[in-house]
Amino acid sequence: MKLPIQIVFHNQPHSDPIEAMIRKEAAKLDSFYDRIMRCKVVVDIPHRHHTAGNPYSVRIDITVPGEEIAVNREPSLRSAQQNVDAEDWSKAVEAGTARKHAGVAVREAFATARRLLQDYARRHRGQVKLHAREPHARVSRLFPDKRYGLLLTPDGREIYFHKSSVLNKGFNRLEVGTEVSFVEEQGEKGPQASTVRRLA
């Protein structure tokens, strides 16, 4: 991540084991999308006034280019917790059990965050493909007898192309100065153009 993760414990004391778990889960997010700009995680017990059923909730706010991804997750143990009476709940909040319940919420929240990041990355890749223009160039030299030519790109590079790379058998209709679009590939002797398409 570009910025360090921010971790907040609300309505409860700080927990080193839970923080360590959060940091470990957050580090995995980069493998799903490597341009995360910000990640904030809030671990909360939102309903402290209840005598039973005080589930941990975990909120994750992730900032990525052009979008905010928010996850608000309570553990699946909530329904079971709501059924215990006050005495059972007071036993359940012992340190080990509390960490277990908070850990469930953390794991579930990050599982959802990973799915949402994957969805965002797929959408983002699709948008990039839709909006990316193929590079343009002009034919700078033609060698019809040798069945190839050279394109001059706007940044001043000359790129080789073969007759067979010109779409719609259009090699013979090309002239020096003709504007084309193309796809650049790495050939055996350096950059070369494929999918050469006449633009006018």
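Reader: By about how much of a helix are Glu19 and Arg23 separated in helix 1?

Author: Residues are numbered from 1 along each chain, and the model is predicted, with local features needing pLDDT of at least 70, side-chain atom pairs pLDDT 80 or more, and totals for chains, interfaces and linings using all residues. Side-chain values rest on heavy atoms, without hydrogens and water. Helix 1 (a DSSP run of H or I, at least four residues, numbered from the N terminus) covers residues 16-29. Because Glu19 and Arg23 are four residues apart there, their separation is about one helical turn.

Reader: Which of the two salt-bridge partners, Glu19 or Arg23, is buried?

Author: Their side chains form a salt bridge (Lys or Arg side-chain nitrogen within 4 Å of an Asp or Glu carboxyl oxygen) at 2.9 Å, N to O. Arg23, at 39% relative accessibility, is partly exposed. The buried residue (under 20%; exposed is over 50%, partly exposed in between, 1.4 Å probe, protein chains only), at 19%, is Glu19.

Reader: How many residues apart in sequence are Glu158 and Arg141?

Author: A salt bridge joins Glu158 to Arg141, with the closest N and O atoms 2.7 Å apart. Glu158 belongs to strand 7 (residues 158-162) and Arg141 to strand 5, so the pair ties together parts whose separation in residues is 17.

Reader: Which residue of strand 6 is the bridge partner of Phe143?

Author: A closed barrel of five strands runs 5-6-7-9-8 (strands being DSSP E runs of at least two residues), with mixed pairing. Strand 5 (residues 136-143) and strand 6 (residues 148-152) run antiparallel, joined by five bridges; pairing requires at least two. In strand 6, Phe143 is partnered by Tyr148.
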